[in-house]
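The note below is offered to a colleague who intends to work with these coordinates. Please read it beside the sequence and the model.

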Amino acid sequence: MLRVVNRVFLGLVGLVLLVLGGSVLAVGLGAPAPSWWIHDSRHDVLLSNAERTRWRDDGWWWPVVIAVLAVLLLLLLWWLVAVLRRRRLAEVLVDTGDGEGALLRGRALEDALTEEAAQIDGVDRARARLRGRRSAPEARVRLALEPHVDPGTALHDLTTGALTHARTAAGLASLPAEVRLRGVKHGAERVS
């Protein structure tokens, strides 16, 4: 969902900037100004002297301008870091033995790991994600356990089954994993 919102937001911002930038360029090159344009011709200035110096003598003006720009800069930097940070591993490098290697889609390995972990006895739901580098992936697995399951047994079954199979299938020397276990909520049982 976040990816869709991010792409729609970026598309709208890009479209607005493209229209404004194209309008400025067209008017600057001598094209007639659109009806919504704030200036009359290409020789108009963006800010006149009166507009530029209107609040110069007020003591609140420059601190407010600097604060708004600083907040805007921090928000844009936060957004940039959030966009550039990869949360999931896109591909895993598989050693084929000939020195070349092959690429395995990270989602395919995640799906296989999730499906096998979900089939462990007593696991209600499972979810696996890969992080790290493509030559040294790390798994994050979340298991929702049914009330009757021993967590130690479920963890042992996961490490000897699903994680071992994923490591072997991808040809990895090791596959470190962080496993989070939680119990499924259930209703109280009636005792007679």
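The numbered points below go from confidence and overall form to the sheet, its helices and two individual residues.

1. Confidence. The model is predicted, and its mean pLDDT is 84, with 93% of the residues scoring at least 70. Among the elements, helix H4 has the highest mean pLDDT, 92, whereas helix H2 (residues 49–52) has the lowest, 76. As a general caution, predicted coordinates should not be read in detail where pLDDT is low.

2. Overall form. The radius of gyration is 29 Å, whereas a compact globule of 192 residues would have one near 16 Å. Along the principal axes, the C-alpha trace spans about 80 × 60 × 30 Å. Buried residues account for 19% of the 192 residues. The protein exposes about 14,600 Å², of which carbon and sulfur atoms supply 60%. Of the contacts with a separation of 6 or more, 48% are between residues 24 or more positions apart.

3. Order of elements. The secondary structure consists of five helices and five strands. Read from the N terminus, the succession is α-α-α-β-β-α-β-β-α-β.

4. The three-stranded sheet. How are its strands ordered? The order is S3-S4-S5, in an open sheet with mixed pairing. Strands S3 (123–133) and S5 (177–183) are the edge strands, each pairing on one side only. On average, neighbouring strands of this sheet are turned by 15 degrees against each other, direction ignored. Strand S4 (residues 136–145) runs parallel to S5, and seven bridges join the two. Within S5, Glu178 is the bridge partner of Arg140.

5. Helices on the sheet. Helix H4 (residues 106–118) packs on the sheet and touches S3 and S4; the direction of H4 makes about 150 degrees with that of S3. Helix H5 (residues 151–170) also packs on the sheet, where it touches S4 and S5, and its direction makes about 140 degrees with that of S4.

6. Glu110. This residue belongs to helix H4. Is Glu110 buried or exposed? Glu110 counts as buried because its relative accessible area is 1%, and the cut-off for burial is under 20%. Leaving aside neighbours within four places in sequence, Glu110 is in contact with Arg88, Ala128, Arg129 and Leu130.

7. The S1–S2 pair. Strands S1 and S2 run antiparallel and are joined by four bridges. In general, side chains alternate between the two faces of the sheet in a regular strand. For strand S1 (residues 91–94), Val92 and Val94 form the covered face, while Glu91 and Leu93 form the uncovered one.

8. Ala102. Strand S2 (residues 102–105) contains Ala102, and Val94 stands opposite Ala102 in this pairing. Apart from neighbours within four places in sequence, Ala102 is in contact with Val92, Leu93, Val94 and Thr96. Glu91 is eleven residues from Ala102 in sequence, and the C-alpha to C-alpha separation is 9.7 Å. Why does Ala102 count as partly exposed? Its relative accessibility is 33%, and the partly exposed class lies between the limits of 20% and 50%.

Key
Residues numbered from 1 in each chain as written. Heavy atoms only, no water. Pairing = 2+ DSSP bridges. Axes fitted to C-alpha atoms, helices over the stretch in contact; angles between N-to-C directions. Contact = heavy atoms within 4.5 Å. Buried < 20%, exposed > 50% of the residue type's maximum accessible area, 1.4 Å probe, protein only. Rg over C-alpha atoms; globule rule 2.2 N^0.38 Å. Areas by Shrake-Rupley, 256 points an atom, 1.4 Å probe, with all protein chains shown as cover. pLDDT = per-residue confidence, 0-100.
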